[in-house]
Amino acid sequence: MRGPSMSPALSDGDVVVVRFGAPVEAGDVVLVRWASRPGQLSVKRAVRPAVEGWWVEGDNPFGSTDSRTLGPAMVDAVVKARMWPKPGSLRRKR
C-alpha cells in the first residue's frame, strides 16, 4: 500500500492480503478502482453501496482522494489482513 490515505489503520508500505470475490460490507477495507482512472488500484474503506459500485473513503480525510472526489468505485477485493510489518487482521470500522 502506498500513501497516507488509510492512516491509522494502514501505513505507507504495509503489505496486505486480499480476497477476490469476497462479499463486501460497510466498514470493510477494500481494493478498488475507478472508471476515470484505469489501471490505478487503491485501498479504501467501504462506506455504503452505490448505484455504480461502492462509496469509499480513506480513513485520513486530509490525505485521501476517494469517492468524495471521484464518485463510486468498483470493489475488486476485500483486504483481510496486514502481512507486514505488523501481521494481523484489520478491524471493521462501523
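## Asp 12 and Arg 2

Asp 12 is partly exposed, with 47% of its relative area accessible. This value, like every other here, comes from a predicted model. The side chain of Asp 12 forms a salt bridge with that of Arg 2, at 3.3 Å from N to O. The two residues sit 10 apart in the segment before strand 1. Arg 2 is exposed, at 65% relative accessible area.

The same segment before strand 1 holds Pro 8. The peptide bond leading from Ser 7 into Pro 8 is cis, with omega near 15°.

## Overall build

The protein chain has one helix and six strands. Their order along the sequence is β-β-β-β-α-β-β. The helix therefore follows four strands and precedes two.

How does the radius of gyration fit a compact globule of 94 residues? Such a globule would come near 12 Å, and the protein chain has 12 Å, so the two agree. The C-alpha trace spans about 35 × 30 × 25 Å along its principal axes. Of the 94 residues, 37% are buried.

Val 29 is one of the buried residues, with 4% relative accessibility. Its place is in strand 2, which covers residues 29–33. The C-alpha atom of Val 29 is 9.7 Å from that of Leu 10, and 19 residues separate the pair along the chain.

## Salt bridges from strand 3 and strand 4

Side chains of opposite charge can pair when their charged atoms come close. The structure holds six salt bridges. One of them joins the side chains of Arg 45 and Asp 59, at 2.6 Å from N to O. Arg 45 belongs to strand 3 and Asp 59 to the loop between strand 4 and helix 1, so this bridge ties together parts 14 residues apart in sequence. Are these partners buried or exposed? Arg 45 is buried, at 7% relative accessibility. Asp 59 is buried too, at 14%.

A second pair is Glu 57 and Arg 68, whose side chains meet at 3.8 Å, N to O. Glu 57 lies in strand 4 and Arg 68 in helix 1, so the bridge connects parts 11 residues apart in sequence. Glu 57 is partly exposed, at 22% relative accessible area. Arg 68 is also partly exposed, at 42%. Glu 57 and Arg 68 belong to a salt-bridge network that includes Asp 66.

## Lys 44: buried, without a salt bridge

Lys 44 lies in strand 3, residues 42–50. Which side chain of opposite charge is nearest to Lys 44? That side chain is Asp 66, 5.4 Å away. A salt bridge needs a nitrogen and a carboxyl oxygen within 4 Å. Lys 44 is buried and has no salt bridge.

Lys 44 does have a polar partner. Its side chain makes a polar contact of 3.1 Å with the side chain of Ser 64. Ser 64 is in the loop between strand 4 (53–57) and helix 1 (67–70). Ser 64 counts as buried, because its relative accessibility is 16% and the cut-off for buried is under 20%. The Ser 64 side chain also has a polar atom 3.4 Å from the backbone nitrogen of Gly 58.

## A nonpolar patch and a cis proline

Which residues make the nonpolar surface patch of about 390 Å²? They are Val 15, Val 17, Met 83 and Trp 84. Strand 1 (15–20) and strand 5 (74–84) each give two or more residues to this patch. Val 15, in strand 1, is partly exposed at 42% relative accessible area.

Trp 84 takes part in another feature as well. A cis peptide bond joins Trp 84 to Pro 85, with omega about 5°. Pro 85 falls in the loop between strand 5 and strand 6 (88–89).

Methods
Residues numbered from 1 in each chain as written. Predicted model: local features only at pLDDT ≥ 70, side-chain atom pairs only at ≥ 80, totals over all residues. Heavy atoms only, no water. Patch = residues over 30% accessible without salt bridge, like charges linked within 9 Å, V, L, I, M, F, W, Y side chains within 5 Å. Areas by Shrake-Rupley, 256 points an atom, 1.4 Å probe, with all protein chains shown as cover. Buried < 20%, exposed > 50% of the residue type's maximum accessible area, 1.4 Å probe, protein only. Lys, Arg positive; Asp, Glu negative; His and termini not counted. Polar contact = N/O pair within 3.5 Å; in protein donor to acceptor, adjacent residues only side chain to side chain. Rg over C-alpha atoms; globule rule 2.2 N^0.38 Å.
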